[in-house]
Amino acid sequence: MSPSHRIGVLPGDGTGPEVVREGLKVLEAVRGGFDADLVPFDLGGERYLRTGEVLPDEDLARLKELDSIFLGAIGHPEVRPGILERDLLLRIRFALDQYVNLRPVIRYPGVKTLIPSHTEDDVNFVVVRENSEGLYGGAGGFHRKGTPHEVAVQESINTRHGVERIVRYAFALAARPDRRRKVTLVHKTNVLTYAGDLYQRVVDEVAEEYPDVETDYVHVDAACIFFLAEPSRFDVIVTDNMFGDIITDLGAMIQGGMGLAAGGNINPDGVSMFEPIGGSAPRHTGKGTINPLAAIGAMQMLLENLGENEAAGRVDAGIRFACSKVHSMRAGEMGYSTSEVGDLVVEGLG
């Protein structure tokens with residue numbers, strides 16, 4: 001009997017529905033050995049503008065019953081920044097305890113990047129970002145708000161439990177046969193002497209359990225330089241919530257742009273969510289110019305997470321085939337429409 005997976009589908013805002021459509025097209029093309037029960041959700045800016053609801057409790061309860069979640073994009077020009085991000089995206093991540101944000105940074109053959117000297121071997125690493133604590137935990141507040149003496153406090157919360165589980169995830173990933181057995185902590189330990197000290201101590205302790213995995217440390221500002229000058233230095237990066245959020249956008253640029261940047265919000269023992277990280281790109285909505293490869297890459301990650309490795313491998317082959325045909329990863333410069341890029345992936349599935 002073929003396995004069946006219940007996959008929640010959140011097309012979201014802007015170009016989200018367009019790239020989700022292509023991701024589901026690819027899913028349909030590779031699901032010969034398993035069944036996929038797609039569960040649609042109406043969540044995002046349009047729902048909020050229509051009803052005032054962001055993520056009702058009943059929808060959150062339904063999300064918890066799924067095997068995985070496929071998200072298009074969140075972000076609506078008519079919704080004030082912070083509402084959808086905190087009350088939808090962060091609420092899902094926190095409520096489902098998706099404490100790992102996983103971002104592969106891969107330079108596919110044939111893809112033009114801002115640094116032509118990089119090879120495919122140079123740019124092949126993954127960022128493991130702590131996804132449930134740090135500055136995004138929401139701790140802080142205002143004092144004398146709206147006055148000339150206003151004070152705004154935003155606190156970074158880092159627990160031993162949260163740091164240890166993300167570090168352990170990074171080491172286990174680095175020890176896999178498809179990785180190069182190296183973990184690099186990226187932080188700012190010379191300034192953030194409390195949070196950074198906790199991260200470094202935990203890395204040192206967990207490293208003793210993985211004698212075959214090399215460890216390294218790089219300040220976050222230096223890491224940005226190495227992304228450009230020596231990306232081959234990195235295999236598995238582990239970092240905190242905010243630093244990971246920032247450096248993964250730079251990682252996208254050295255792999256060819258946001259059109260290729262796929263990510264996962266992972267609970268290793270629960271429900272995980274996969275998405276393109278480039279956002280809703282509202283100015284491209286409905287034009288057929290947005291690159292769907294990041295969403296298709298997110299579908300590949302979703303399949304891997306479900307244990308459908310053969311199907312995920314076929315999607316990887318399809319992405320590589322499409323990259324060999326598409327001259328630019330930038331929206332509007334691809335030479336192909338959104339749906340045509342999806343068709344190229346299907347053609348290259350093998």
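These are my notebook entries on the sheet, two pockets and two backbone outliers of a predicted model.

**Entry 1. The sheet**

I began with the strand order. Ten strands make up an open sheet, arranged β2-β1-β3-β12-β11-β4-β5-β10-β8-β9, and the pairing is mixed. I then looked up the edges: β2 (35-40) and β9 (214-219) each have a single partner strand, so one side of each is left without a neighbour in the sheet. From one strand to the next, I noted an average twist of 25 degrees.

**Entry 2. Strand pairs around β3**

I followed β3 (68-73) towards both of its partners. With β1, β3 pairs in the parallel sense over five bridges. Within that pair I located Gly12, whose bridge partner in β3 is Ala73. On the β12 side, three bridges join the strands, and these also run parallel. Here Phe70 has Phe274 of β12 as its bridge partner.

Is β3 mostly covered, or mostly uncovered? I found that six of its six residues are buried, which means that each has under 20% relative accessible area.

**Entry 3. An antiparallel pair**

I turned next to β4 (residues 100-106) and β11 (residues 262-266), which pair in the antiparallel sense over three bridges. Val100 is matched with Ile266 of β11 as its bridge partner.

**Entry 4. A helix on the sheet**

I checked what lies under helix α1 (residues 16-30). This helix lies across β1 (4-12), β2, β3 and β12 (272-276). Relative to β1, helix α1 runs at about 160 degrees.

**Entry 5. The largest pocket**

Rolling a probe the size of a water molecule over the atoms shows where empty space is left. I recorded a volume of about 780 Å³ for the largest pocket. Its lining holds 31 residues, and those nearest the centre are Pro104, Arg176, Asp178, Gln300 and Glu304.

Which element supplies the largest share of this lining? I found that α9 does, with six residues. I listed the elements that each supply at least two residues: β4, β5 (124-130), α5 (160-174), β11, α9 (293-305) and α10 (309-325). By class, I recorded 18 nonpolar, six polar and seven charged residues in the lining of the largest pocket.

**Entry 6. The second largest pocket**

For the second largest pocket I noted a volume of about 540 Å³. Of its 25 lining residues, Leu89, Arg93, Arg129, Asp245 and Ile277 lie nearest the centre. Two or more residues come from each of β3, α4 (83-95), β4, α8 (241-255), β11 and β12. The largest share, five residues, belongs to α4. I recorded the classes in this lining as eight nonpolar, nine polar and eight charged residues.

I compared the two lists of elements: β4 and β11 appear in that of the largest pocket, and β4 and β11 appear in that of the second largest pocket.

**Entry 7. Positive phi**

I looked for positive phi in residues other than glycine. Asp97 has a phi of about 50 degrees. I placed Asp97 in the loop between α4 and β4. Is Asp97 buried, partly exposed or exposed? With a relative accessible area of 30%, Asp97 is partly exposed.

Arg144, also not a glycine, has a positive phi near 55 degrees. I located Arg144 in the loop between β6 (140-143) and β7 (151-154).

Technical notes:
Residues numbered from 1 in each chain as written. Predicted model: local features only at pLDDT ≥ 70, side-chain atom pairs only at ≥ 80, totals over all residues. Heavy atoms only, no water. Pairing = 2+ DSSP bridges. Helix = DSSP H or I, 4+ residues; strand = E, 2+ residues; numbered from the N terminus. Axes fitted to C-alpha atoms, helices over the stretch in contact; angles between N-to-C directions. Contact = heavy atoms within 4.5 Å. 1 Å grid on protein atoms, 1.4 Å probe; cavity = no way out; pocket = protein on both sides within 12 Å on 5 of 7 lines; lining within 4 Å. Points joined across faces, edges and corners; volume = space filled by probe spheres on them. Nonpolar A, V, L, I, M, F, W, Y, C, P; charged D, E, K, R; others polar. Buried < 20%, exposed > 50% of the residue type's maximum accessible area, 1.4 Å probe, protein only.
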